[in-house]
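Colleague: Could you take me through one part of this model in detail? Please start with a loop residue and work outwards from there.

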Amino acid sequence: MTGKDKRDATISHTVQLCFLIGVMLLWYFATNDWGVNHLLLPNPIEVFWQFLDIIKTGEFLDDLWVTLSELAIAFAISAS
């Protein structure tokens, strides 16, 4: 990788990170300051804590198993 390629990759990653931060800030302000209904758009901090709770309890494992099974079946059907 040349110096120009590394610089281009760094710029690309910086733009991607800034975009992600911008989206998160808009989400936060929309739910906390701009009065968007929490039924339409939940608070990102509450979503984060709920996500951690789901990961800790393993609540997602049954749904993950169903999704992966369906994916395997679809792949098998398309391969035959």
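Modeller: Here is a close look at Asn 43 and its surroundings, followed by the helices and the aromatic rings. This is a predicted model: local features need pLDDT of at least 70, side-chain atom pairs count only at pLDDT 80 or more, and totals for chains, interfaces and linings use all residues. Residues are numbered from 1 along each chain as its sequence is written, and side-chain values use heavy atoms, with hydrogens and water left out.

Asn 43 sits in the loop between α1 (3-32) and α2 (44-57). Helices here are DSSP runs of H or I with at least four residues, numbered from the N terminus. Asn 43 is buried, at 7% relative accessible area. Buried means under 20%, exposed over 50%, and partly exposed in between, with a 1.4 Å probe and protein chains only.

Its side chain makes a polar contact with the side chain of Asn 32, at 2.9 Å. A polar contact is a pair of N or O atoms within 3.5 Å; within protein, one must be able to donate a hydrogen and the other to accept it, and residues adjacent in sequence count only if both atoms are side-chain atoms. Leaving aside neighbours within four places in sequence, Asn 43 is in contact with Trp 27, Thr 31, Asn 32 and His 38. Contact means heavy atoms within 4.5 Å.

Asn 43 also caps the N-terminal end of α2. A side-chain oxygen of Asn 43 lies 2.7 Å from the backbone nitrogen of Ile 45. α2 itself has 14 residues and reaches 20 Å from its first C-alpha to its last. That is close to the 20 Å expected at 1.5 Å a residue, the expected span being 1.5 Å times one less than the number of residues. Gly 58 follows α2, with a positive phi near 75°.

Now the rings. The whole structure holds three aromatic pairs. Rings of Phe, Tyr and Trp (its six-membered ring) pair if their centres lie within 6.5 Å; planes under 30 degrees apart count as stacked, over 60 as edge-to-face and the rest as tilted. Tyr 28 and Phe 29 are edge-to-face, 5.8 Å centre to centre with 70° between the planes. Tyr 28 is partly exposed at 33% relative accessibility, and Phe 29 is partly exposed at 32%. Phe 48 and Trp 49 also form an edge-to-face pair, at 5.2 Å and 70°. Phe 48 is partly exposed at 44%, whereas Trp 49 is exposed at 53%. Ring pairs link Tyr 28, Phe 29 and Trp 34 into a cluster.

Methods:
Helices (H or I, at least four residues) and strands (E, at least two) are DSSP runs, numbered from the N terminus.
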